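Please open the model in a viewer and keep the selection panel at hand. The tour below proceeds from selection to selection and describes what is found at each stop.

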Amino acid sequence: MGDKPVVFATRKLPEAVEARLVRDYEAILNPDDKLYTADELVEISAGADAILPCHTEKFTAEVIARLPERVKAIANFSVGYDHVDTAAAKQRGIIVTNTPDVLSDATAEIAILCMLGAARRATEGVALVREAGWKDWSPAFMVGTQTTGKRFGVIGMGRVGQVAAKRARGFDMAVHYTKRSRLDAETEAALGATYHATIEELLPQCDVLSLHCPATPETTGLLNAERIALLPKGAIVVNTARGAVIDDAALIAALKSGHVAAAGLDVFNGEPTDIHPAYRKHPKVFPLPHIGSATLETRDGMGFRALDNLDAIFAGKEPVDRVA
Ligand code: 8YV
């Protein structure tokens, strides 16, 4: 018992995940699911050999520098790891892992929900019914954008992007994409996907643009005013990746001008409390509160994957999902 490694889970995790964690490790749990401050994170980590955090905990270079020597790993309960300064972790010899694959289906579902919610004006429709503003019907009432047979553009054709593209094919959409390294011919053919070497070449082909790239210094503000101008008029923008990828002022201006017909957004700069105020009430924005991976199956899958990584680390093996 006493010689089991100590793992600090920063948030309350699914029951089955905590059961396995408690079985195999000395666990520091957070039963009240409190959002810890940086100071609290550092303080609690004093007794830990590894930390199992969510994207809600920011491991900046400063926080990492304050972690005790004892901490050997940060095994994230997330695929994205922009909340961890991986260079600082590497320098300290702290192993960092993520949880890819297990959330691709759930997140792709939300991308399709965002696409349809935006294209078919779900925000306005829900408000009309909820607020008793629905008084009449006419052929012009609530006319939106049909996505069937249109072009589905993907920036960041990784795991989630590929599943989203596959789902879009279910709507007979033609898939267009750009990616740092082109997919192999077989995968491209299976997705019926057309490759574009640059974002600038891709954008004019996107009736729907779905963002699936990670947030990095290179992708911050990637969808800016110049690039939005390259989208066809009336395009739909979908973001289930990270808010940082979008220049908010540029997207809001494009929604105002009608150049972008609507946006389905599951992630935001400044989430959860400091998102751009224009998004909150915008009739053409279909907003969701970062729930891409929020299904029972996926939450368990993420937790087990994080634990698989910790098991490997403490067995002296290379964890499958090492990112630093
Ligand atoms: C998670 C996510 O809800 O995994 C990610 O990168 O953005 C979300 O699916 C969250 O990060 C959990 O920590």
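Begin by selecting residues 104-119, helix α5, together with residues 159-169, helix α7. In this predicted model, the two helices pack with their axes 8 Å apart and at an angle of about 50 degrees. Because that angle falls outside the ranges that count as roughly parallel, roughly antiparallel or roughly perpendicular, α5 is oblique to α7. The crossing in which α5 passes α7 is right-handed.

Next, move to the loop between β5 (95-97) and α5, and select Asp101 there. This residue is not glycine, and its phi is positive, near 70 degrees. As background, most residues other than glycine have a negative phi.

For a second helix pair, select residues 15-24, helix α1, and residues 296-314, helix α13. Their axes are 8 Å apart, and the packing angle is about 20 degrees. Since angles under 35 degrees count as roughly parallel, α1 is roughly parallel to α13. The handedness of the crossing of α1 and α13 is right-handed.

Then select the loop between β11 (260-265) and α12 (277-281), where Pro272 is found. Display the backbone of Glu271 and Pro272: the peptide bond that joins them is cis, with omega about 0 degrees. In general, most peptide bonds are trans.

The final stop is the ligand. Which residues are around the ligand? Select Cys54, His55, Phe77, Ser78, Val79, Gly80, Leu103, Arg242, His290, Ser293, Arg299 and Met302 to display them. By class, this shell divides into five nonpolar, five polar and two charged residues.

Within that selection, three contacts to ligand oxygen merit inspection.

- Ser293: a polar side-chain atom lies 2.5 Å from an oxygen atom of the ligand.
- His290: an N or O atom in the side chain is 2.7 Å from an oxygen atom of the ligand.
- Gly80: here a polar backbone atom is 2.7 Å from an oxygen atom of the ligand.

To close this stop, consider the ligand surface. Taken alone, the ligand exposes 330 Å², and the protein buries 93% of that area.

Conventions:
Residues numbered from 1 in each chain as written. Predicted model: local features only at pLDDT ≥ 70, side-chain atom pairs only at ≥ 80, totals over all residues. Heavy atoms only, no water. Near = heavy atom within 4 Å. Polar contact = N/O pair within 3.5 Å; in protein donor to acceptor, adjacent residues only side chain to side chain. Areas by Shrake-Rupley, 256 points an atom, 1.4 Å probe, with all protein chains shown as cover. Nonpolar A, V, L, I, M, F, W, Y, C, P; charged D, E, K, R; others polar. Axes fitted to C-alpha atoms, helices over the stretch in contact; angles between N-to-C directions. Helix = DSSP H or I, 4+ residues; strand = E, 2+ residues; numbered from the N terminus. Parallel < 35°, antiparallel > 145°, perpendicular 65-115°, else oblique. Left-handed = near helix turned anticlockwise from the far one by under 90°.
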